[in-house]
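Thanks, everyone, for making the time this morning. I would like to walk through one structure with you, going from strand pairing to a single histidine and then to the nonpolar cores.

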Amino acid sequence: MAEVRASDEIAGVYEVDPVVHGDDRGTFVETWRREWIPGCREMVQANRAQRLAGSLVGLHYHRFQADYWTVVAGRIRVVLHDLRSGSPTDGATSLLDLGGEGPARHRGLYIPRGVAHGFAALTDATVAYLVDGTYDPDDELGVVWDDPTVGADWGLDGPPVLSARDAANPRRADLSEALVPAFDRGDD
């Protein structure tokens, strides 16, 4: 059975260490079960992102969508920041590395709606993720990656490679109140 841990830093975030089965042929890992995450909605879309070392994605957030991430290849530094008004962890930032070798190699990460999330590719990396809502451009929101209120250490040696969209994201302090998600007790 997978080991599922609730984050001590951000309410509603879960880390999942699945069971890895191996033999002379290689390994098998069950990467997702809905029952692992309390109150989780059905995941309805799967996506994959391949990024070169030094790339940075985010910070993104959704008012109506949760994500579940696994790293298929490489290693990433994940940054999470709780934006949800009324959350017991509003304003908290969490950093963790996924992928690579060791305990984080097969780890999954559940990110509830309203938690800003991004990652830096510490090596060339492939991230597979499930979402509980189909793509909606009106729910693709962001906070600038270097916002001092987030205070993220992205783990990169030099300046990141960013998309124009991510470079233009606003600071948290400049977000419209209408776009700041409210904490849902079901995410706790």
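Strand 3, residues 20–23, and strand 4, residues 26–29, run antiparallel and are joined by four bridges, and in this model, which I should say is a predicted one, the two strands form a hairpin with two residues between them. Within that pairing, Gly-22 has Thr-27 of strand 4 as its bridge partner.

Let me turn now to the histidine. His-117 sits in strand 11, which covers residues 115–121, and its side chain reaches the backbone oxygen of Val-115 at 2.9 Å. Is His-117 buried or exposed? His-117 is buried, because its relative accessible area is 5%, and the cut-off for that word is under 20%. Leaving aside residues up to four places away in sequence, His-117 touches a number of others, including His-60, His-62, Asp-67 and Trp-69. By contrast, Ile-37, which is 80 residues away along the chain, has its C-alpha atom 18 Å from that of His-117.

That brings me to the cores. The largest nonpolar core has 18 residues, and those that touch the most other members are Trp-69, Ile-76, Val-78, Leu-80, Leu-98, Leu-109 and Phe-119. Among the elements that give two or more residues to this core are strand 7, strand 8 and strand 11. Apart from this core lies another, of twelve residues, among them Leu-59, Val-79, Val-143 and Trp-154. Returning to Leu-109, its contacts beyond four places in sequence include Val-13, Tyr-14, Trp-69 and Leu-98.

Definitions and conventions. Residues are numbered from 1 along each chain as its sequence is written. This is a predicted model: local features need pLDDT of at least 70, side-chain atom pairs count only at pLDDT 80 or more; totals for chains, interfaces and linings use all residues. Side-chain values use heavy atoms; hydrogens and water are left out. Buried means under 20% relative accessible area, exposed over 50%, partly exposed in between (1.4 Å probe, protein chains only). Contact means heavy atoms within 4.5 Å. A polar contact is a pair of N or O atoms within 3.5 Å; within protein, one must be able to donate a hydrogen and the other to accept it, and residues adjacent in sequence count only if both atoms are side-chain atoms. A nonpolar core is a set of buried Ala, Val, Leu, Ile, Met, Phe, Trp, Tyr and Cys residues joined through side-chain atoms within 4.5 Å. Two strands pair if DSSP finds at least two bridges between them.
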